[in-house]
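Hi everyone, thanks for coming. I'd like to walk you through one model today, so please have a look at it with me.

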Amino acid sequence: MRDNVKPGEKWEFNEDVAACFANMLERSIPDYKSMRALVYKAGERFIRPDTLVVDVGCSTGLAVEPFVEKYRDQNDFLLIDSAYAMVEASRQRFMDEPSVTVRPGYLWDHLPFADPASLVLSVLSLQFMPTSYRQKMISDIYDGLVPGGALILVEKVVSENLDELMVQMYYEMKRENGYTEEQIMEKRRSLENVLSPLKPEWNVDMLRTAGFREVGMFWRCLNFCGWIAVK
Ligand SMILES: C[S@@+](CC[C@H](N)C(=O)[O-])C[C@H]1O[C@@H](n2cnc3c(N)ncnc32)[C@H](O)[C@@H]1O
């Protein structure tokens, strides 16, 4: 379904958003397909049999879906989201998958994970969580990983340099993808104080502070970045 959502004063992940979510991401995230493909390719290198694969802020389950398709016989999958509509959408997507459990609630209420994980995905999710909790959550995720396991983190960022240019180019991309000026500005207003991007270095600092021994940026487009952090 095409994204024509009229954002409320404060952004919500509700039924309307869930219904058109794939289209919304495709048209709102720069270089979207390559980000998705790289998350999958990178993630595959860290999955170990008989461990958990966790998707934090899973939304409708798009990030974890290819992993479920390939690894359903050797892994269990834990999906967490605080939005009721998103939990329902993920449950719907994976209703015939006994390896998948979708848990509603805030991420911090599910940490530490009950079983060791080899791969944790956080794709555009941490940015919606309180900044003051992020270090603790990343540290808890680290503690829950097996040695050699990885967190794949994709976030919107505030650039140290040329941020305004990045933002303007980002809006240009959204216009090219069929969003009107009004839609772009309404969404921007609605996301204020709901989405809190950090500088790329601050994300790296949190990963290092948690103890990750290797942290590498595998993808960047405009004001969006992705890192692989290995325990
Ligand atoms: C942009 S979406 C994530 C997209 C998804 N990971 C993907 O790859 O398609 C952000 C998600 O994070 C969820 N979220 C926000 N705050 C959360 C929290 N404190 N705990 C768990 N989930 C949260 C939202 O409900 C939303 O579904």
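Let's start at Asn193, which sits in the loop between α8 and α9. This is a predicted model, by the way, so everything I say is about a prediction. Asn193 has a positive phi of about 65°, although it is not a glycine. Is Asn193 buried or exposed? With a relative accessible area of 78%, it is exposed.

There is another residue of this kind to look at. Asp31, in the loop between α2 and α3, also isn't a glycine and has a positive phi, here about 55°. Its relative accessible area is 38%, so Asp31 counts as partly exposed.

While we're on backbone details, please find Pro112, in the loop between β3 (100–104) and β4. The peptide bond leading into Pro112 from Leu111 is cis, and its omega is near -5°.

Now to the helices on either side of Asp31. In α2, 6 of the 8 residues are buried, so the rest of the structure largely encloses this helix. Those buried residues are Phe21, Asn23, Met24, Leu25, Arg27 and Ser28. And what do they pack against? The partners are α1 (15–19), α3, α5 (84–93), α7 (163–176), α8 (181–191) and β7.

On to α3, which runs over residues 32–44. It has 13 residues and reaches 19 Å from its first C-alpha to its last, close to the 18 Å expected at 1.5 Å a residue. Its buried residues are Tyr32, Met35, Arg36, Val39, Tyr40, Ala42 and Gly43. If you look at the spacing in that list, here is a useful reminder: an α-helix has 3.6 residues a turn, so residues three or four places apart point the same way. The cover over the buried residues of α3 includes the helices α2 (21–28) and α4 (65–71), along with the strands β4 (117–123), β5 (145–156), β6 (214–221) and β7 (224–230).

One residue in α4 is Pro66. Pro66 is partly exposed, at a relative accessible area of 27%. Its C-alpha is separated by 9.7 Å from that of Ala37, and the two residues are 29 apart along the chain.

For a contrast, go to helix α9, residues 200–210, and find Leu207. Leu207 is buried, with a relative accessible area of 0%. Which residues does Leu207 touch, leaving aside those up to four places away in sequence? They are Ile138, Leu151, Leu153, Phe212, Val215, Trp227 and Ala229. Val146, 61 residues away along the chain, has its C-alpha 16 Å from that of Leu207.

Let me finish by zooming out. The protein has 9 helices and 7 strands. Its radius of gyration is 17 Å, which agrees with the value near 17 Å for a compact globule of 231 residues. Along the principal axes, the C-alpha atoms fill a box of roughly 50 × 40 × 30 Å. Buried residues make up 55% of the 231. Of the contacts between residues at least 6 apart in sequence, 72% join residues at least 24 apart.

As for the surface, the accessible area comes to about 11200 Å², and carbon and sulfur atoms account for 50% of that. There are 27 positive and 35 negative charges, and their mean positions are 3 Å apart.

That's my tour, and I'm happy to take questions.

How values were computed. Residues are numbered from 1 along each chain as its sequence is written. This is a predicted model: local features need pLDDT of at least 70, side-chain atom pairs count only at pLDDT 80 or more; totals for chains, interfaces and linings use all residues. Side-chain values use heavy atoms; hydrogens and water are left out. Helices (H or I, at least four residues) and strands (E, at least two) are DSSP runs, numbered from the N terminus. The expected span of a helix is 1.5 Å times one less than its number of residues. Buried means under 20% relative accessible area, exposed over 50%, partly exposed in between (1.4 Å probe, protein chains only). Contact means heavy atoms within 4.5 Å. The radius of gyration is taken over C-alpha atoms; the globule rule is 2.2 Å times the number of residues to the power 0.38. Accessible areas come from the Shrake-Rupley method with a 1.4 Å probe; for residues, only the protein chains shown count as cover. Lys and Arg count as positive and Asp and Glu as negative; His and the chain ends are not counted. The place of a charge is taken as NZ of Lys, CZ of Arg, CG of Asp or CD of Glu.
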